[in-house]
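Q: Got a minute to walk through this one with me? I'd like to go strand by strand.

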Amino acid sequence: MQTANAYSLDTVQAPSLETGLILASENDCYTVQAKGSQWQAALAASCLVRPEQHDEVLFAPLPDGRAFILAVLTRSKAPCVLHFPDGASLMSEKPISMDSATAVQITAPMTGLETASLDIRAGEASAAIASATLVTRILRTTGERLEQTFRRFLGCFGSAQRIVEHNDEVQAQNVRISASESCLTQAASSTTLARDLARIDAPQVHIS
């Protein structure tokens, strides 16, 4: 019957934990100063905070000559950067919230958002979009005041309905209304004002 080889603690050099100071970094390789020696260390997969120069770190030298930074212990007031070289996914069965006393900014070549329900509340909002495509089955907009400025606005609708409770005013240099079949204007009273010329051009005109 074969027996397993037995190793004593003296025959295997156990890894140790050391503290050191970051001197420099290049291509995700960090130079760590510790106990009068310098080590070349890489980030451990569990160390999410990217170390900066002069940070105090916890690192582990291994028997095979490698060294890994496990955590950033102390640093200056520089912003904290989370390091995900191969990307990351955040998953939770409970709600996730992001709170900031100043601002939250997202920068990426492409940003996607997929959700069953979206609720956005803002005291003030501004958007600068070069090109946008909106595909929606139902769009509801409720606001006390809406201001829009366009160099050009083009809309194509299968059918459109607009209800204005009080006043509706259009100001333009030229206004043209074109209907392929019929055009109906209903009002309790209607007034047409023309400064120079008012013309009705039709094969038949009925006034009753």
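Q: Let's start with Thr19. Where does it sit?
A: Thr19 lies in strand β1. By strand I mean a DSSP run of E with at least two residues, numbered from the N terminus. One caution early on: this is a predicted model, where local features need pLDDT of at least 70, side-chain atom pairs count only at pLDDT 80 or more, and totals for chains, interfaces and linings use all residues. Residues are numbered from 1 along each chain as its sequence is written, and side-chain values use heavy atoms, with hydrogens and water left out.

Q: Is Thr19 buried, exposed or partly exposed?
A: Thr19 is partly exposed, because its relative accessible area is 43%. The cut-offs are under 20% relative accessible area for buried and over 50% for exposed, with partly exposed in between (1.4 Å probe, protein chains only).

Q: And what does Thr19 touch, ignoring neighbours within four places in sequence?
A: Thr19 is in contact with Ala34, Glu56, Val57, Leu58, Phe59 and Leu73 once those neighbours are set aside. Contact here means heavy atoms within 4.5 Å. Val57 is 38 residues from Thr19 in sequence, yet their C-alpha atoms are 5.6 Å apart.

Q: OK, zooming out. What do the strands build?
A: A barrel: five strands close in the order β1-β2-β3-β5-β4, with mixed pairing. From one strand to the next the twist averages 55 degrees, taken between N-to-C directions of lines fitted to C-alpha atoms, on a scale from 0 to 180 degrees. Two strands count as paired if DSSP finds at least two bridges between them.

Q: How many bridges join β1 to β2?
A: Five, and the two run antiparallel, β1 covering residues 18-26 and β2 residues 29-34. Ile22 has Val32 as its bridge partner in β2, and Ala24 stands opposite Thr31. The hairpin of β1 and β2 has two residues between the strands, and Asn27 takes a positive phi near 55 degrees there.

Q: What about β2 with β3?
A: That pair is antiparallel too, with six bridges to β3 (residues 37-43). Two residues separate the strands in this hairpin, where Lys35 has a positive phi near 55 degrees.

Q: Back to Thr31, then. Which residue in β3 is the bridge partner of Thr31?
A: Gln40 is the partner in β3. Thr31 itself is in β2 and counts as buried because its relative accessibility is 15%. Outside the four-place window, Thr31 is in contact with residues including Leu21, Leu23, Gln38 and Trp39.

Q: Which residues make up the largest nonpolar core?
A: There are 11: Ile22, Tyr30, Val32, Ala34, Ala41, Leu43, Cys47, Val57, Phe59, Ala67 and Ile69. β2, β3, β4 (56-61) and β5 (67-74) each supply at least two of the core residues, and the largest share, three, comes from β2. A nonpolar core is a set of buried Ala, Val, Leu, Ile, Met, Phe, Trp, Tyr and Cys residues joined through side-chain atoms within 4.5 Å.

Q: Changing topic: how many disulfides?
A: Zero. The cut-off is a pair of cysteine sulfur atoms within 2.5 Å.

Q: Why no bond for Cys47?
A: Because the closest cysteine sulfur, in Cys80, is 9.4 Å from the sulfur of Cys47, too far for a bond. Cys47 is also buried, at 4% relative accessibility.

Q: And Cys156?
A: For Cys156 the closest cysteine sulfur is in Cys183, 19 Å from its own, so that is too far for a bond. Cys156 is exposed, with a relative accessible area of 73%.

Notes:
Helix = DSSP H or I, 4+ residues; strand = E, 2+ residues; numbered from the N terminus.
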